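Biologist: Hello! I am new to this structure and would like a close look at one part of it, the salt bridges. Could you walk me through them?

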Amino acid sequence: EKNVLQNNLVIYEFVYENREVFSELLSLLNTQSDQIDRIIYGTQDDFFHFMPLDPRNGSNNMFRPLAHETNIQGVGIMYRIVNIPHIFNILKSHDFGGQTCRLKISVADNLLNQNKQNVYLQLEKGKVVSISSKKYDVEIRLDIADFSSLLMGVVDFSSLYNYGIAEISSARFIDTIDRIFHSIKKPICITVF
């Protein structure tokens, strides 16, 4: 407001294909350093704050005991599985962490009655070999919203369990369930709703 020549560059979607393109984008942004004060960018990269030499966001906000504010986060999209057995049929070739386990998934859903069900998965070396066997080694119980996030790989089962949002019939299987639903790459959606 005090200086009309002081501008920020806003990047709404920071998307790049590979390491070389990322480097070129940063070079381009660096050439603008005499023209802009701050670069404000949107990203879904949880680790992006490691990239700048100074990750502070300019707010000068501090957190106890001694930490600088680096970003502001928001949650903008929620996934919802509408047919649990069907999604596992689609994912038959997916590797569920190389795990061998007979898993009962008990899902609560207040919106879609057909999702209020028990699904029985038999996994062998990470592959779904059956979704109909009624035998199981371990049962997990959770709401469809949390199960959808778990299946998408955006939350660990152990976190849901520790928060009291999910239950498990035997705590010795928590690590197994974490490995089953672990995802190296989280989903990215840049569609504006």
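Which residue's side chain meets that of Asp 54 in a salt bridge, and what is the N to O distance?

Modeller: Happy to help! Please keep in mind that this is a predicted model. The partner you are after is Arg 56: the side chains of Asp 54 and Arg 56 meet with N and O 2.7 Å apart. Asp 54 has a relative accessible area of 41%, so it counts as partly exposed. Arg 56 is also given 41% relative accessibility, and therefore counts as partly exposed. This pair belongs to a set, as the structure holds 6 salt bridges.

Let us go on to another pair. Arg 80 forms a salt bridge with Asp 109, and their closest N and O atoms are 2.8 Å apart. Arg 80 sits in the loop between strand S4 (67-68) and helix H2 (84-90), while Asp 109 sits in the loop between strand S5 (101-108) and strand S6 (117-124), so this bridge ties together parts that are 29 residues apart in sequence. As for how covered the two partners are, Arg 80 is partly exposed, with a relative accessible area of 38%. Asp 109, at 1% relative accessibility, counts as buried, because buried means under 20%.

Now for a place where several contacts come together. Lys 104 and Glu 139 join their side chains in a salt bridge, with an N to O distance of 3.8 Å. Lys 104 belongs to strand S5 and Glu 139 to strand S8, so the pair links parts that lie 35 residues apart in sequence. Lys 104 is buried at 11% relative accessibility, and Glu 139 is buried at 12%. There is a third member here too: Lys 104, Glu 139 and Arg 141 are linked in a network of salt bridges.

It is worth staying with Glu 139 for a moment. Strand S8, where Glu 139 is found, covers residues 138-143. The side chain of Glu 139 also makes a polar contact of 2.6 Å with the side chain of Ser 106. If we set aside neighbours within four places in sequence, Glu 139 is in contact with Lys 104, Ser 106, Glu 167, Ile 168 and Ser 169. Along the backbone, the C-alpha atoms of Glu 139 and Leu 103 are separated by 5.9 Å, although these two residues are 36 residues apart along the chain.

So, as you turn the model, you could begin with Asp 54 and Arg 56, go on to Arg 80 and Asp 109, and finish at the network of Lys 104, Glu 139 and Arg 141.

Technical notes. Residues numbered from 1 in each chain as written. Predicted model: local features only at pLDDT ≥ 70, side-chain atom pairs only at ≥ 80, totals over all residues. Heavy atoms only, no water. Helix = DSSP H or I, 4+ residues; strand = E, 2+ residues; numbered from the N terminus. Contact = heavy atoms within 4.5 Å. Polar contact = N/O pair within 3.5 Å; in protein donor to acceptor, adjacent residues only side chain to side chain. Salt bridge = Lys/Arg side-chain N within 4 Å of Asp/Glu carboxyl O. Buried < 20%, exposed > 50% of the residue type's maximum accessible area, 1.4 Å probe, protein only.
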